[in-house]
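User: I want to learn how the labels are earned. Please set each value against its rule.

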Amino acid sequence: MKSILKWLVIIGGALFVLVVAAGIIFVKSIDVKKYKPEIEKAVTEKTGRSFLLGDDLDLSVFPWVGVKLSDVRLGNPEGFGQKDMISVERFEVRLKVMPLLSKQIEVKTFVVDSPHIYLEKTKAGITNWQDLAQKKEVEKPAAPDEKKAAPKAIPIESLSVGTFSITNGRLVYVDQAANIKKEISDMTLKMANISMDNPIDIFMSANVDGKPVSLEGKAGPIGKEPGKGTLSLDFIFKALGELEVKLAGNIIEPVEKQAFDFSLEILPFSPRKLVKTLGQELPVKTKDLNVLNALSLKANIKGNPKAVSLSNGVMVLDDSKLVFSMSAKEFDRPNLAFDAQLDSMDLDRYLPEPPPKESHQKDTSSQAGADSKKAVETKTKKKTDYTPLRKLILDGKFSADKLKAHGATIENIVVKMDAKNGLISMDPVSANLYSGNMASKLKLNVQKDTPRTTLGVNAKNIQAGPLLKDAMQKELIEGTLNADIDMSMAGDTPDMVKKTLNGKGNLLFLDGAIVGIDLANAVRNVKANLGLAEKPVEKPRTDFAELKVPFTAKKGLVNTSGSSLASPLLRVLVKGDVNLVKELLDLRVDPKFVATLKGQGDTKQRSGLMVPVNITGPFSKPKVRPDLKGMISSGAVPGKEDLIKNLGSKEDQEKKLESVKKDVKKQIKGLIPGLMN
């Protein structure tokens with residue numbers, strides 16, 4: 001039996017040697033170049049394009065089976081900008097024969113030199129590759145109870161590659177309709193130590209539209225069963241001489257689990273310089289040209305097809321540092337969570353310069369046209385689809401040690417956000433600002449097509465003067481502010497919100513002043529304009545011990561029935577309505593002097609002196625009308641005999657009385673600072 005097996009092995013080996021020898025003799029005895037025209041013709045007929053092979057054509061069988069081609073060219077269809085769609089100067093691959101019998105692949109050479117690919121899309125939308133695309137058979141959907149077959153392992157035992165390189169590659173994409181041309185040139189891909197048991201060294205470089213990019217690192221090992229187990233990656237990506245990104249980690253069970261666990265690091269770079277290198281401009285021209293000059297990021301990223309999480313995130317932008325983590329799952333909803341802590345940031349540095357102020361003089365015809373257009377747009381505006389917000393699940397928290405925005409500085413900010421089943425809340429929203437603190441809560445209900453919003457604000461001991469000076473660059477009011485506001489509204493447009501605004505609130509200012517108006521001087525200025533006293537030169541202000549502004553709102557009509565100002569010299573009461581829907585004012589201001597004006601140019605006791613003022617009309621052009629008749633009857637200005645004596649001629653009387661009227665109106669307007677701007 002052993003003798004028979006021995007002879008079978010000898011005979012089998014001899015037959016194999018004869019077959020290999022016959023193959024070698026066949027290849028050596030046949031001129032492969034002789035068949036070049038037939039190969040070119042066959043490819044041309046199959047593709048409908050010109051196909052050419054160079055003269056350097058070689059075929060080998062043993063001990064290395066391989067092919068060597070040169071100057072391979074596949075043409076473009078008619079009507080395209082380049083003659084060839086694909087060209088390759090040299091292609092060579094050689095595979096050792098004997099190891100194939102034991103499922104071992106040993107590649108001596110795989111080289112592609114100067115592959116050039118030209119892709120084009122015409123103005124008519126026709127591409128030069130669409131006729132080459134093969135129509136795939138439509139896969140029949142699997143039966144509900146049919147189980148997917150487990151992926152089969154690659155039937156090889158080992159893999160080794162000597163030389164693997166693609167050099168001097170070029171890819172050009174042209175879109176004639178969009179007038180776009182993109183080019184990747186000087187493309188090189190080299191791999192070394194290719195095997196199934198060791199990490200593979202990978203190097204790639206190219207110029208993208210003339211800008212350098214590169215990728216270098218290791219991948220693997222791929223293992224005996226590629227697609228199973230863990231595949232390690234460790235890469236460094238560089239671009240444009242500015243950007244450097246490091247990515248290291250693992251892909252876990254690439255075929256089945258498709259999970260990953262990576263550490264990501266973007267080294268410090270200048271976004272401003274990066275954009276400039278790309279030949280672009282920043283989308284926003286920031287106030288401070290020194291911002292966006294330093295950005296870096298570190299984070300750990302884990303995930304699978306069902307969930308992604310990011311932890312230990314640290315982002316540094318210029319002088320600000322953000323530490324964060326976040327996660328996402330149920331991507332069709334999605335279900336999101338995050339936690340972010342910012343140390344400090346001056347947002348004003350990143351904002352654009354404000355546009356120049358428009359002239360107050362407007363073309364009424366143009367305004368009418370704009371109003372008409374706005375009305376049409378309002379009627380035809382498509383309703384907002386809140387379905388995504390109804391699905392959204394959110395659990396987030398943001399905090400900041402210090403934040404500056406629009407000139408105002410806020411500290412110790414905490415914002416908690418939640419969303420589920422169309423109910424979105426920000427509760428609490430708290431912060432310290434200007435020696436005081438603020439706590440508020442916002443709830444948004446989008447369960448129906450019309451969103452409903454409730455807002456609550458509680459502020460304590462805030463220094464109003466510095467706040468307004470920083471935020472508005474104006475000195476309007478000083479004092480310690482306490483506020484308590486509860487409002488509700490419906491809709492998602494300004495008009496809808498104004499029509500549905502309901503609620504109440506109370507503003508209380510203590511130990512402060514209204515800057516820009518001095519009610520005591522208002523009386524003195526009347527006398528000065530009449531020639532009875534000298535005008536003051538000090539900056540006007542009205543000091544107060546307490547200023548209350550309670551209000552209620554119902555369907556956009558805001559009413560204040562008890563607004564009052566109290567000081568040792570005077571009391572001021574304000575009553576009336578502010579119609580937000582029609583944008584109209586209807587207010588009555590009653591200042592009452594209750595003490596001496598000593599030190600204000602008058603030593604006479606003034607008890608109960610009334611100077612009523614009506615403020616009516618549209619927001620854009622309110623009418624401020626002091627009640628001069630009431631002022632005279634109450635002794636606010638001199639009587640008839642004193643007027644005749646001091647005013648002089650009739651012409652002088654008219655001028656001075658008009659001056660009095662203008663002066664009083666100017667002083668009263670100070671009670672509503674900013675309204676006329």
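**Strands and turns**

User: What makes the turn between β20 and β21 worth a look, and how many residues lie between them?
Analyst: β20 and β21 form a hairpin with two residues between them. Tyr 434 sits in that turn and has a positive phi of about 50 degrees. This is a predicted model: local features need pLDDT of at least 70, side-chain atom pairs count only at pLDDT 80 or more, and totals for chains, interfaces and linings use all residues. Residues are numbered from 1 along each chain as its sequence is written, and side-chain values use heavy atoms, with hydrogens and water left out.

User: How do you know that β20 and β21 are paired?
Analyst: Count the bridges. Two strands pair if DSSP finds at least two bridges between them. Here nine bridges join β20 to β21 (residues 436-445), and the strands run antiparallel. The requirement is therefore met. One of the bridges pairs Asn 432 with Asn 437 in β21. Strands are DSSP runs of E, at least two residues; helices are runs of H or I, at least four residues; both are numbered from the N terminus.

User: What joins β20 to β19?
Analyst: Seven bridges join β19 (residues 408-420) to β20 (residues 423-433), again antiparallel. Val 415 stands opposite Val 429 in β20. This hairpin has two residues between the strands, and Asn 421 takes a positive phi near 55 degrees.

User: Why is Ser 425 called buried?
Analyst: Buried means under 20% relative accessible area, exposed means over 50%, and partly exposed is in between (1.4 Å probe, protein chains only). Ser 425 has 14%, so it counts as buried. Ser 425 is found in β20.

User: Which residues is Ser 425 in contact with, leaving aside its neighbours within four places in sequence?
Analyst: They are Lys 416, Met 417, Asp 418, Leu 442 and Lys 443. Contact means heavy atoms within 4.5 Å.

User: How do you know that β25 and β26 pair?
Analyst: DSSP gives six bridges between β25 (residues 541-554) and β26 (residues 557-566), so the pairing rule is satisfied. The sense is antiparallel. Lys 548 has Ser 564 in β26 as its bridge partner. In the hairpin, Lys 555 takes a positive phi near 55 degrees. β26 also pairs with β27 (residues 570-579), over eight bridges in the antiparallel sense.

**Rings**

User: Why is the pair of Phe 110 and Phe 164 called stacked?
Analyst: Rings of Phe, Tyr and Trp (its six-membered ring) pair if their centres lie within 6.5 Å; planes under 30 degrees apart count as stacked, over 60 as edge-to-face and the rest as tilted. By this rule the count comes to three aromatic pairs. The centres of Phe 110 and Phe 164 are 4.9 Å apart and the planes are at 10 degrees, so the pair is stacked. The pair links distant parts of the chain: Phe 110 is in β5 and Phe 164 in β6, 54 residues apart.

User: Which of the labels, buried or partly exposed, does Phe 110 get?
Analyst: Phe 110 has 24%, so it is partly exposed. Phe 164 has 18%, so it is buried.

User: What makes Phe 260 and Phe 262 a stacked pair?
Analyst: Their centres are 6.0 Å apart and their planes are at 20 degrees, so both cut-offs are met.

**Charges**

User: How do you know that Asp 56 forms a salt bridge with Lys 68?
Analyst: A salt bridge is a side-chain nitrogen of Lys or Arg within 4 Å of a carboxyl oxygen of Asp or Glu. The closest N and O atoms of Asp 56 and Lys 68 are 3.6 Å apart, so the pair qualifies. Asp 56 lies in the loop between β1 and β2 and Lys 68 in β3, so the pair ties together parts that are 12 residues apart in sequence. By this rule the count comes to 19 salt bridges.

User: Why is Asp 56 called partly exposed?
Analyst: Its value is 37%, so it falls between the two limits.

User: What makes Arg 349 and Asp 288 a salt bridge?
Analyst: The N to O distance is 2.8 Å, so it is within the limit. Arg 349 and Asp 288 are 61 residues apart, and the pair links distant parts of the chain.
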